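Could you walk me through this structure while I have it open in my viewer? Please tell me what to select at each stop and what I should find there.

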Amino acid sequence: MAATFRGTTPEPPDVRPRLTVLSGPSGVGKSTVVAHMRKAHPEVWLSVSATTRKPRPGEQHGVHYFFVTDDEMDKLIANGELLEWAEFAGNRYGTPRAAVLERLERGEPVLLEIDLQGARQVRETMPDAQLVFLAPPSWEELVRRLTGRGTEPPEVIERRLEAAKIELAAEPEFDVTLVNTSVEDVARELLALMDVV
Ligand SMILES: Nc1ncnc2c1ncn2[C@@H]1O[C@H](COP(=O)(O)OP(=O)(O)OP(=O)(O)O)[C@@H](O)[C@H]1O
Ligand SMILES: Nc1nc2c(ncn2[C@@H]2O[C@H](COP(=O)(O)O)[C@@H](O)[C@H]2O)c(=O)[nH]1
């Protein structure tokens, strides 16, 4: 189990972390790990973000994202409806506040899959949140995964890789790093960190 952790294996927290943030560079495998984890544990609730990005083939409104216009995103931000938001590689993304707070108030575990800028905002506003960084086994493997996914044109891949350099340098800001060599191992370790199993 410890093989996937970078650095020391974390001590179990005194208080069960209810809010967990999963971040890491684009293409590292965040969605893949979370989907694998939720197949076995559908009770783990993942926040559905709002985004101005256009849907990829197969992505559904309300399931993968709430796909919104620029005007709608402006309103969500102006009305304080987002817990955090950021611009990433030319699109805006944000976490709807109400659904997260409802679940936290009921004491249920909540998972956010967001970028570094969003993770930093959550660190400020909700300091009890547990911040987990998902790292690639190597830079070359990250490029392979992002390119191999085949969802973005070359210029967008370039922007995402530029952002990835900044995100990788921020790894020490996180509470825990998991290296995504094996989806199954990381999913199991994430569940344990969330105290679901
Ligand atoms: N452990 C792994 N080994 C090999 N390939 C992987 C692994 N984890 C994920 N992948 C592959 O890497 C690609 C990117 O994964 P995914 O879309 O989950 O990344 P992401 O971090 O959610 O990206 P983004 O931040 O852009 O949404 C996918 O094609 C996925 O199948
Ligand atoms: N700060 C936020 N970042 C988010 C949110 N939802 C997703 N993301 C991150 O954006 C990038 C790109 O995602 P993609 O689906 O276009 O590949 C990735 O790092 C996501 O984790 C959010 O609500 N806030």
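Here is a short tour, stop by stop, through a predicted model.

**Stop 1: the sheet**

Start with the strands. Six of them make up an open sheet with mixed pairing, in the order 1-10-9-2-8-3. At the edges are strand 1 (5-6) and strand 3 (45-46), each of which pairs on one side only.

Now select strand 2 (residues 19-23) together with strand 9 (residues 130-135): the two pair in the parallel sense over four bridges. To find your place in this pair, show Val21, which stands opposite Leu131 in strand 9.

**Stop 2: strand 10 and its two partners**

Next, select strand 10 (176-179). Strand 9 pairs with strand 10 in the parallel sense, again over four bridges, while strand 1 and strand 10 run antiparallel and are joined by two bridges. Which residue of strand 10 is worth centring on, as the bridge partner of Phe133? Pick Thr177, the partner of Phe133; Arg6 also stands opposite Thr177.

Turn on the side chains here. In a regular strand they alternate between the two faces of the sheet. Strand 10 is covered on both faces: Val176 and Leu178 are buried on one side, and Thr177 and Val179 are buried on the other.

**Stop 3: helix 7 across the sheet**

Keep the strands on screen and add helix 7 (residues 183-193). Helix 7 lies across strand 1, strand 2, strand 9 and strand 10, and runs at about 160 degrees to strand 10. Colour by burial and you will find Val186, Ala187, Glu189, Leu190, Leu191 and Leu193 buried in helix 7. What covers these buried residues includes strand 1, strand 2, strand 9 and strand 10, along with helix 1. Before moving on, look just past the end of helix 7, where Asp195 takes a positive phi of about 60 degrees.

**Stop 4: helix 1 against helix 7**

Add helix 1 (residues 30-40), whose axis comes within 9 Å of that of helix 7, crossing at roughly 70 degrees. Helix 1 and helix 7 are therefore roughly perpendicular to each other, and their crossing is right-handed. To see the contact, select Thr32, Val33, His36 and Met37 on helix 1, with Val183, Glu184, Val186, Ala187, Leu190 and Leu191 on helix 7. By class, seven of these residues are nonpolar, two are polar and one is charged.

**Stop 5: helix 5 and helix 6**

Now for another helix pair. Select helix 5 (residues 139-149) and helix 6 (residues 154-169), which pack at an angle of about 145 degrees with their axes 11 Å apart. This crossing is right-handed. Helix 5 makes the contact with Trp139, Leu142, Val143, Leu146, Thr147 and Arg149, and helix 6 with Ile157, Arg160, Leu161, Ala164, Lys165 and Leu168. Eight residues of this contact are nonpolar, one is polar and three are charged.

**Stop 6: Phe88**

Finish by centring on Phe88, in strand 6 (residues 82-88). Is this residue buried or exposed? Phe88 has a relative accessible area of 10%, and it counts as buried because the cut-off is under 20%. Leaving aside neighbours within four places in sequence, the contacts of Phe88 are Ser26, Tyr93, Asp115, Arg160, Ala163 and Glu167. Try a distance label on one of them: the C-alpha atoms of Phe88 and Arg160 are 8.1 Å apart, although the two residues are separated by 72 residues along the chain. You have met Arg160 already, in the contact of helix 5 with helix 6.

Key
Residues are numbered from 1 along each chain as its sequence is written. Chains are lettered from A and ligands numbered from 1 in the order in which they are written. This is a predicted model: local features need pLDDT of at least 70, side-chain atom pairs count only at pLDDT 80 or more; totals for chains, interfaces and linings use all residues. Side-chain values use heavy atoms; hydrogens and water are left out. Axes are lines fitted to C-alpha atoms, for helices over the stretch in contact, and angles run from 0 to 180 degrees between N-to-C directions. Angles under 35 degrees count as roughly parallel, over 145 as roughly antiparallel, 65 to 115 as roughly perpendicular and the rest as oblique. A crossing is left-handed if the near helix is turned anticlockwise from the far one by less than a right angle, and right-handed if clockwise. Contact means heavy atoms within 4.5 Å. Ala, Val, Leu, Ile, Met, Phe, Trp, Tyr, Cys and Pro count as nonpolar, Asp, Glu, Lys and Arg as charged, and the others, Gly among them, as polar. Two strands pair if DSSP finds at least two bridges between them. Buried means under 20% relative accessible area, exposed over 50%, partly exposed in between (1.4 Å probe, protein chains only).
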